[in-house]
Amino acid sequence: MKTLDLSNIDFLEKLKKGKLEAYNYLVDEYHHELCVYAGNLTRDIFTAEDIVQNVFLKLWEQREKLNSKFSIKSFLYRSVYHEFINQYRKKVTLTEVEKEYNNRLNTIIEGENTAEITNLIAMVKAEIQHLPPKCKEMFLLSKQEGLTNVEIAQYLKVSTKAVERQMTRAFSIIREKVGKKTDSILFLLFANTLELELNQQRLVE
């Protein structure tokens with residue numbers, strides 16, 4: 001299939017008119033990248049593929065309503081995230097998280113192409129795996145499991161200061177390799193943990 005310009009208004013018009021050439025090209029261009037992204041949210045490749053399939057299906061069904069001036073890339077990433085929310089957090093109001101998430105996502109997407117975003121995510125994940133053992137363990141307990149520094153200290157039977165030092169070390173190592181977008185990428189990778197934390201806070205309140 002010939003290369004199409006995804007930023008071209010003519011492409012969007014073809015998509016809105018139901019041209020399969022445009023739709024198939026869009027799927028070929030973004031399916032894998034979106035599955036990788038959805039997999040980071042769900043931690044399950046089969047669920048991730050279902051989410052991406054639903055996003056493309058809804059895009060096709062609602063193609064006539066598309067705004068010709070919108071960014072397809074931003075739209076698809078946001079759609080994947082919201083589909084994830086719909087499947088896993090249906091009973092939880094997450095307006096604050098969604099707003100922050102979309103701000104972070106837009107900051108990254110508008111400045112990078114899809115391949116670069118995937119590369120940044122891969123770099124962060126690789127650096128996490130390469131952290132020193134104790135540092136990695138504490139970092140994942142915090143970011144992946146949602147534990148506080150105090151809870152990590154209690155779980156590992158160490159001081160809170162020791163946890164703080166290791167967390168600072170982890171962020172320093174990752175930022176040195178990945179750069180200024182580290183925090184935004186980490187937010188995208190562990191957004192579901194943040195949602196769970198907010199949900200737990202609401203239950204306590």
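Which helices do the buried residues of H8 pack against? They pack against helix H7 (133–143) and helix H9 (160–178). This is a predicted model. The protein chain has 11 helices and 0 strands. Buried residues make up 45% of its 205 residues.

**Overall build**

- From the N terminus on, the elements run α-α-α-α-α-α-α-α-α-α-α.
- Take the contacts between residues at least 6 apart in sequence: 69% of them join residues at least 24 apart.
- The protein chain exposes about 11700 Å². Carbon and sulfur atoms supply 49% of that area.

**The nonpolar core**

- The largest nonpolar core holds 51 residues.
- Leu26, Phe56, Leu76 and Phe139 touch the most other members of this core.
- Helix H2 (residues 20–42) gives the most to the core, with 10 residues.

**Helix H8, side by side**

- Helix H8 covers residues 149–156. Its buried residues are Ile152, Ala153 and Leu156.
- These buried residues lie on the same side of H8, because they cover an arc of only 100° around the axis.
- An α-helix has 3.6 residues a turn, so residues three or four places apart point the same way.
- Gln154 and Tyr155 are on the other side of H8, and they are exposed.
- The buried residues of H8 have helix H7 and helix H9 as their packing partners.
- Just after H8 comes Lys157, which takes a positive phi of about 60°.

**A buried charge: Glu127**

- Glu127 is found in helix H6 (residues 114–129).
- Is Glu127 buried or exposed? Glu127 is buried, yet it has no salt bridge.
- Lys177 is the nearest side chain of opposite charge, at 5.3 Å. A salt bridge needs the nitrogen and the oxygen within 4 Å.
- Set aside the neighbours within four places in sequence. Glu127 is then in contact with Ile173, Ile174, Lys177 and Val178.

**Salt bridges**

- How many salt bridges does a search of the whole structure find? It finds 4. Three of these are described below, helix by helix.
- *Helix H1.* Glu13 forms a salt bridge with Lys16, and the closest N and O atoms are 4.0 Å apart. Both residues lie in helix H1 (residues 9–16). They are 3 residues apart, about one turn of the helix. Glu13 has 27% relative accessibility, so it counts as partly exposed.
- *Helix H7.* Lys134 forms a salt bridge with Glu137, with the closest N and O atoms 3.6 Å apart. Both lie in helix H7, 3 residues apart, about one turn of the helix. Lys134 counts as partly exposed because its relative accessibility is 46%. Glu137 also counts as partly exposed, at 32%.
- *Helix H9.* Glu164 forms a salt bridge with Lys161, and here the closest N and O atoms are 3.9 Å apart. The two are 3 residues apart in helix H9, so about one helical turn separates them. Glu164 counts as partly exposed, at 33% relative accessibility. Lys161 is exposed, with a relative accessible area of 57%. The cut-off matters here: exposed means over 50%.

How values were computed. Residues are numbered from 1 along each chain as its sequence is written. This is a predicted model: local features need pLDDT of at least 70, side-chain atom pairs count only at pLDDT 80 or more; totals for chains, interfaces and linings use all residues. Side-chain values use heavy atoms; hydrogens and water are left out. A nonpolar core is a set of buried Ala, Val, Leu, Ile, Met, Phe, Trp, Tyr and Cys residues joined through side-chain atoms within 4.5 Å. Buried means under 20% relative accessible area, exposed over 50%, partly exposed in between (1.4 Å probe, protein chains only). Helices (H or I, at least four residues) and strands (E, at least two) are DSSP runs, numbered from the N terminus. Lys and Arg count as positive and Asp and Glu as negative; His and the chain ends are not counted. Contact means heavy atoms within 4.5 Å. The arc is that of the directions from the helix axis to the C-beta atoms. Accessible areas come from the Shrake-Rupley method with a 1.4 Å probe; for residues, only the protein chains shown count as cover.
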